[in-house]
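Hi,

Here is the structure I said I would pass on. Have a look at it first, and then read my notes below.

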Amino acid sequence: MTVDHAPPDISAKSGHAAGTASADPHPETPAPTPLAPTPPALEPLVLEPVVLEPVVPLASRRGRLRSVPRWLRRAVGPLTLLVLWQVLSVTGVLSPDTLASPGTVARAGSDLVKDGTLPSAMGISLQRVAVGLLIGGVAGIALALVSGLSRLGEDLIDATVQMLRTVPWVGLIPLFIIWLGIGEAPKVALIALGVAFHLYLNVYAGIRGVDAQLVEAGQVLGLGRWGLVRHVVLPGALPGAMTGLRYSLATAWLALVFGESINADAGIGFLMNQAREFFRTDVIVVCLVVYATLGLLADAVVRTLERLLLQWRPTFKGQ
């Protein structure tokens with residue numbers, strides 16, 4: 001049985017659609033689009049000449065201050081203090097009994113230099129500091145090496161040193177007088193004690209602060225125990241040792257002041273004790289200036305050693 005599928009009557013649908021469209025006699029017309037406003041005429045652009053200012057680096061701006069010698073810049077603070085001291089003395093704010101004027105101090109220092117009293121006292125004080133620094137330095141560095149390089153040494157030494165370090169070494173003066181008398185020995189022992197603790201702490205911290213990776217690298221390269229100590233550990237601990245030496249020198253001069261108060265018959269401290277009995281503030285200030293000057297010279301020596309021995313370590317030096 002055959003079924004014929006006739007195609008749909010396309011014309012009928014088209015006619016129906018056309019009839020529907022023609023049925024609307026008044027089709028809607030779109031509203032006219034409003035005209036956009038006419039833009040104003042563009043004025044010609046006039047380019048003004050650009051003035052270029054030179055860029056001055058920050059370092060060049062500070063060049064004027066840096067052109068002044070460094071020693072002169074460092075002297076600004078002391079000179080200002082000296083001028084203020086002179087002004088207060090001239091105006092009477094500082095009486096001579098309280099503090100002598102800078103001119104009086106200068107004359108007293110000149111007299112002490114001319115009669116040889118001050119050079120002799122400086123020589124004796126320097127000798128005491130040198131001997132105490134040598135003894136204390138050797139003891140402190142030796143203990144730090146034993147304690148820093150060995151765990152057994154640390155267990156045997158570090159606790160004892162830390163315990164003694166907390167004892168005020170100035171309070172040991174009566175015991176030093178009983179044990180060593182009133183001669184040079186207690187003065188030197190007091191200086192050595194103060195020096196030893198500072199060097200021990202800084203050298204020990206420097207040894208233990210060496211990077212462990214450097215030690216491993218040295219072992220990989222075939223260095224033995226003493227080779228590691230010589231080429232890795234000691235150079236790495238050298239910055240700490242230099243810092244400890246600076247602290248030790250400052251402590252040495254402080255200990256000297258206390259040490260020379262133990263029945264001293266010579267030295268800068270002896271001059272200060274004599275001046276105190278006669279209310280000579282000018283001589284006392286001269287001795288204090290000598291102490292400060294010697295301390296600055298010692299610090300300058302350590303700074304020079306740091307520049308020579310630590311050339312391999314780049315550091316920030318300020319801007």
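When I say contact here, I mean heavy atoms within 4.5 Å. Keep in mind, too, that this is a predicted model.

With that in hand, start at S125, which sits in helix α7. Is S125 buried or exposed? Its relative accessibility is 0%, so S125 counts as buried. If you skip the neighbours within four places in sequence, S125 is in contact with L256, E260, G267 and I268.

I268 turns up again in the largest nonpolar core, which has 37 residues. I268 is among the residues with the most contacts inside that core, along with I191, W253 and V286. Several helices give two or more residues to this core: α6 (102–114), α7 (117–149), α9 (173–180), α10 (185–208), α12 (225–259), α13 (268–277) and α14 (281–309). Which of them gives the most? That would be α14, with nine residues.

W253 is a good place to zoom in. Leaving out neighbours within four places in sequence, W253 is in contact with L126 and V129, and also with Y291, L294, G295 and A298. There is a second core too, separate from the big one: this one has eleven residues, including F197, V203, V233 and A237.

Next, the aromatics. How many aromatic pairs does a search of the whole structure find? It finds two. As a reminder, a pair of aromatic rings is described by the distance of the centres and the angle of the planes.

One pair is F176 with W179, and it is tilted, at 6.3 Å centre to centre with 55° between the planes. Both residues lie in helix α9, three residues apart, which is about one turn of the helix. Their surroundings are worth checking on screen: F176 has a relative accessible area of 9% and is therefore buried, whereas W179 comes out at 59% relative accessibility and so counts as exposed. The cut-offs behind those words are under 20% for buried and over 50% for exposed.

The other pair is Y200 with Y204, and this one is stacked: the centres are 5.9 Å apart and the planes are at 10°. Here the two residues are four apart in helix α10, again about one turn of the helix. Y200 is buried, at 1% relative accessibility, and Y204 is buried as well, with a relative accessible area of 14%.

While you have α10 on screen, look at how it packs with α12. Their axes come within 7 Å and cross at roughly 155°. Angles over 145 degrees count as roughly antiparallel, and α10 and α12 are therefore roughly antiparallel to each other. The crossing of these two helices is right-handed.

One last spot, also in α10: A192. At 10% relative accessibility, A192 is under the 20% limit and so counts as buried. Which residues does A192 touch, not counting those up to four places away in sequence? They are G132, I135 and G136. For A192 and G132, the C-alpha atoms are separated by 4.3 Å, although the two residues are 60 apart along the chain.

If you want a short route through the model, I would go from S125 in α7 to W253 and its contacts, L126 and V129 among them, and then over to A192 in α10.

Cheers

How values were computed
Residues are numbered from 1 along each chain as its sequence is written. This is a predicted model: local features need pLDDT of at least 70, side-chain atom pairs count only at pLDDT 80 or more; totals for chains, interfaces and linings use all residues. Side-chain values use heavy atoms; hydrogens and water are left out. A nonpolar core is a set of buried Ala, Val, Leu, Ile, Met, Phe, Trp, Tyr and Cys residues joined through side-chain atoms within 4.5 Å. Buried means under 20% relative accessible area, exposed over 50%, partly exposed in between (1.4 Å probe, protein chains only). Rings of Phe, Tyr and Trp (its six-membered ring) pair if their centres lie within 6.5 Å; planes under 30 degrees apart count as stacked, over 60 as edge-to-face and the rest as tilted. Axes are lines fitted to C-alpha atoms, for helices over the stretch in contact, and angles run from 0 to 180 degrees between N-to-C directions. Angles under 35 degrees count as roughly parallel, over 145 as roughly antiparallel, 65 to 115 as roughly perpendicular and the rest as oblique. A crossing is left-handed if the near helix is turned anticlockwise from the far one by less than a right angle, and right-handed if clockwise.
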